Number of protein chains: 2
Amino acid sequence: MQRTNFGGMACSIARTLDVVGEPWTPLVLRDVWAGFTRFEQIQADLGISRKVLTERLNHLVERGVLERRPYDQRPRYEYVLTDKGVELLDVLMAMATWGDHWLAGEAGPPVLYRHHACGEISKVDLRCTHCGESMHACDVELLQGPGAAV
Amino acid sequence: MQRTNFGGMACSIARTLDVVGEPWTPLVLRDVWAGFTRFEQIQADLGISRKVLTERLNHLVERGVLERRPYDQRPRYEYVLTDKGVELLDVLMAMATWGDHWLAGEAGPPVLYRHHACGEISKVDLRCTHCGESMHACDVELLQGPGAAV
DNA sequence: AGTGTGAGTTCCTTGAGGGAACCCCGATTG
DNA sequence: CAATCGGGGTTCCCTCAAGGAACTCACACT
């Protein structure tokens, strides 16, 4: 086995990596999010090898993150996010937030996010679904869950 | 060039991938978070090749995500998260949340998170730092930022 | 018939990941 | 003092995935 398969680990992070952990995959999702939904658009935008792009798109469709949908009489397709895929964008937003904070440098962030609800240019923060307070890695204790390996 | 370098793209997601996008890297961070801070511990826990683990740890130290710190008179070291590294865990928490939701199956999530502030087993949600309302990918509009490429 | 375009396939080369063996250094043991 | 041990890596070889360019196919338009 060349690349280790993470899907079998009893760890939701490893399993998520099994779906979106390969090189390029998060950027493909970003492109779909940003409106580049067709093969040629994504390939041109990213400069990714066509072979690899084919593999990544197929993998994401198989895993239910994207849906391949015809948009013409001719054999033309576009890729759209499923509900599962839309939720994955939370991960991308967290990545973008971290990159904006630590890697943007002098120039500032390349992309801004306007929140529809309040209309402001804003950022995301992680909060507890229970009490609504800030909830980051230092604010939690890790416990064995029901799906833990013995 | 074998693996395309994402660091030069005007995209915070791509830049973040340049730091933690290589295979195994998120799992290494997860291990450090979970208390596996030494080379042998991480290697045994993940089953990662020693060569690759060396490369990943060095890369994370170079990028300021981890700090290599001696813990003995003998040449023994442990890896600890910097502030920059701790903030990266937000991304892992988002990944874990998604994996718990979509990939855990019958068995349920392998790990539970107890929030110190409220004491409850909980999950994270993304919220707007401005107005505090829910803020996911569908709730935002993407705009060019100051660091956007022309 | 000839051209164009989107969406892939095919083929070759290179280099990264896997795996196992090996090495170095300081501490402990006989 | 020599031998052993254990943490923390290096070195080496092999395989397979990423890069890149060329090629294919199906349909529409001229």
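1. **Contacts along the chain.** Among contacts in chain A between residues at least 6 apart in sequence, 33% join residues at least 24 apart. Please keep in mind as you read on that this is a predicted model.

2. **What chain A is built from.** You will find 5 helices and 5 strands in chain A. Following the sequence from its start, the pattern reads α-α-α-α-β-β-α-β-β-β. The C-alpha trace of chain A spans about 55 × 45 × 30 Å along its principal axes, and 40% of the 150 residues of chain A count as buried.

3. **Helix α2 of chain A.** This one is worth a look in your viewer. Of the 10 residues of helix α2 (residues 25-34) of chain A, 9 are buried, so the helix is largely enclosed by the rest of the structure. The buried residues of α2(A) are T25(A), P26(A), L27(A), V28(A), L29(A), R30(A), D31(A), V32(A) and W33(A). Charged side chains are thus on the list too, with R30(A) and D31(A) among the buried residues. After α2(A) comes G35(A), which has a positive phi, near 105°.

4. **How the two copies are related.** A turn of 180° with a shift of 0.0 Å along the axis lays chain B on chain A, with an RMSD of 0.0 Å. That is the relation of a two-fold axis. Both copies use the same surface, as 100% of the contact residues of chain B recur in chain A. Which residue of chain B comes closest to the rotation axis? It is L126(B), whose C-alpha lies at 2.5 Å.

5. **Strand β4 at the interface.** L126(B) belongs to β4(B), where V124(B), L126(B) and C128(B) point one way and D125(B) and R127(B) the other. In β4(B), 5 of the 5 residues are buried, so this strand is largely enclosed by the rest of the structure. Strand β4 (residues 124-128) of chain A pairs with β4(B) in the antiparallel sense, over 5 bridges. Within this pairing, D125(A) has R127(B) as its bridge partner, and R127(A) has D125(B).

6. **The interface as a whole.** On each side the count is 72: that many residues of chain B are in contact with 72 residues of chain A. In chain B, at least two residues each come from α1 (12-20), α2 (25-34), α5, β3 (111-115), β4 (124-128) and β5 (140-144). The largest share of the chain B side, 18 residues, is supplied by α5(B). By residue class, the side of chain B that touches chain A divides into 43 nonpolar, 14 polar and 15 charged residues.

7. **A helix pair across the interface.** How do α1 of chain A and α5 of chain B pack, and at what angle? Helix α1 (residues 12-20) of chain A meets helix α5 (residues 83-103) of chain B at an angle of about 85°, and their axes are 7 Å apart. That makes α1(A) roughly perpendicular to α5(B). From α1(A), the contact is made by S12(A), I13(A), R15(A) and T16(A); from α5(B), by L92(B), M95(B), A96(B), W98(B), G99(B), D100(B) and L103(B). The residues of this contact divide into 6 nonpolar, 3 polar and 2 charged. If you are checking the spacing of the α5(B) residues, it helps to recall a general point. An α-helix has 3.6 residues a turn, so residues three or four places apart point the same way.

Methods. Residues numbered from 1 in each chain as written. Chains lettered and ligands numbered in written order. Predicted model: local features only at pLDDT ≥ 70, side-chain atom pairs only at ≥ 80, totals over all residues. Least-squares fit on C-alpha atoms with pLDDT ≥ 70 in both. Contact = placed C-beta atoms within 7 Å. Axes fitted to C-alpha atoms, helices over the stretch in contact; angles between N-to-C directions. Helix = DSSP H or I, 4+ residues; strand = E, 2+ residues; numbered from the N terminus. Parallel < 35°, antiparallel > 145°, perpendicular 65-115°, else oblique. Nonpolar A, V, L, I, M, F, W, Y, C, P; charged D, E, K, R; others polar. Pairing = 2+ DSSP bridges. Buried ≥ 20, exposed ≤ 12 C-beta atoms within 10 Å, placed from the backbone.
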